[in-house]
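The following exercises accompany a predicted model. Each task is followed by a solution in steps.

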Amino acid sequence: MSDRTDDGVPQTGSGYRKGPVLLRGEHIPATTTDQRLLAPGDGTDWVHSDPWRVMRIQAEFVEGFGALAEIGPAVSVFGSARTRPDHPDYALGEEVGRRLVEAGYAVMTGGGPGIMEAANKGALQAQGTSVGLGIELPFEQGMNEYVNIGVNFRYFFARKTMFVKYAQGYVVLPGGFGTFDELFEAVTLVQTHKVTGFPVVLVGSDYWGGLLEWVRSAVVDRGMINQADLDLIHLTDSAEDAVEHVVERGRALAAEFRS
């Protein structure tokens, strides 16, 4: 395995995934596909290279749609890749995954270690559909062993589309920048009506409470969002309550959509 890890966090994958290609050792590239796509063009070379990238991007969407189109109702679960199996958050992630399957949902995660692995583990042990949407990174992460449908992506934006398109809700456990990114993108899409509304649940009041208090005071008080926008997020400490909210809020939103 490569020694290029995320700040020394042990990785559990069996190789570096670049789309459908598996690379190891000296074959692991120094930059990711996203980095190369978003790098400033050198002269006019981009005219000859970027149109071909469109074909690869199209292929990622086609492969993702094909793999996920028949998984049925699903919920995306997010959280830190750094969470250890002996941490209480890991057990909470397992319970969330199990309860979602018992409620009739497939479970989708980023397919990596930590909270993602925990939710996939809970889903698989409950004999449900456990989905992992992996991403090409400059360090080896790999797909955790509890995924029974896995799709690897080169481009973050293609992967993000899958999380939203096939999810009927988001459950977000403690995590870092990647988790924040997924959370705020989801809330933004719902707030701006770019997607049909879906429940967004934060699990862990000790972790998320300070953030929500800042939003409630500084952000609302300055008029950057409306007070009603806070209703888009449900905060809980219970896996049971998190899943119940997904189910009940999902039913209410479906009824509103039909009326």
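**Exercise 1.** Determine which residue of strand 7 stands opposite Ser76.

*Solution.* Start with the two strands concerned: strand 3 covers residues 74-78 and strand 7 covers residues 170-172. Three bridges join this pair, and the two strands run parallel. Within strand 7, the residue opposite Ser76 is Tyr170.

**Exercise 2.** Place strand 3 and strand 7 in their sheet, and identify the edge strands.

*Solution.* First, write down the strand order, which is 6-5-4-3-7-8-9. This order comprises seven strands, paired in parallel in an open sheet. Next, look for strands that pair on one side only: these are strand 6 (149-153) and strand 9 (233-236), the edge strands. Finally, consider the twist: neighbouring strands of the sheet are turned by 20° against each other on average, direction ignored. In general, the strands of a sheet pair through backbone hydrogen bonds.

**Exercise 3.** State which strands helix 4 lies across, and give its angle to strand 4.

*Solution.* Locate helix 4 at residues 115-125. This helix lies across strand 3, strand 4 (106-109) and strand 5 (130-135). Its direction makes an angle of about 165° with strand 4.

**Exercise 4.** Describe the chain as a whole: how many helices and strands does it have, and what share of its residues is buried?

*Solution.* Count the elements: the chain has eight helices and nine strands. Then turn to burial, taking buried as under 20% relative accessible area: buried residues make up 45% of the 259 residues. Lastly, consider the surface: the chain exposes about 13,400 Å², of which carbon and sulfur atoms supply 53%.

Terms used
Residues numbered from 1 in each chain as written. Predicted model: local features only at pLDDT ≥ 70, side-chain atom pairs only at ≥ 80, totals over all residues. Heavy atoms only, no water. Pairing = 2+ DSSP bridges. Helix = DSSP H or I, 4+ residues; strand = E, 2+ residues; numbered from the N terminus. Axes fitted to C-alpha atoms, helices over the stretch in contact; angles between N-to-C directions. Contact = heavy atoms within 4.5 Å. Buried < 20%, exposed > 50% of the residue type's maximum accessible area, 1.4 Å probe, protein only. Areas by Shrake-Rupley, 256 points an atom, 1.4 Å probe, with all protein chains shown as cover.
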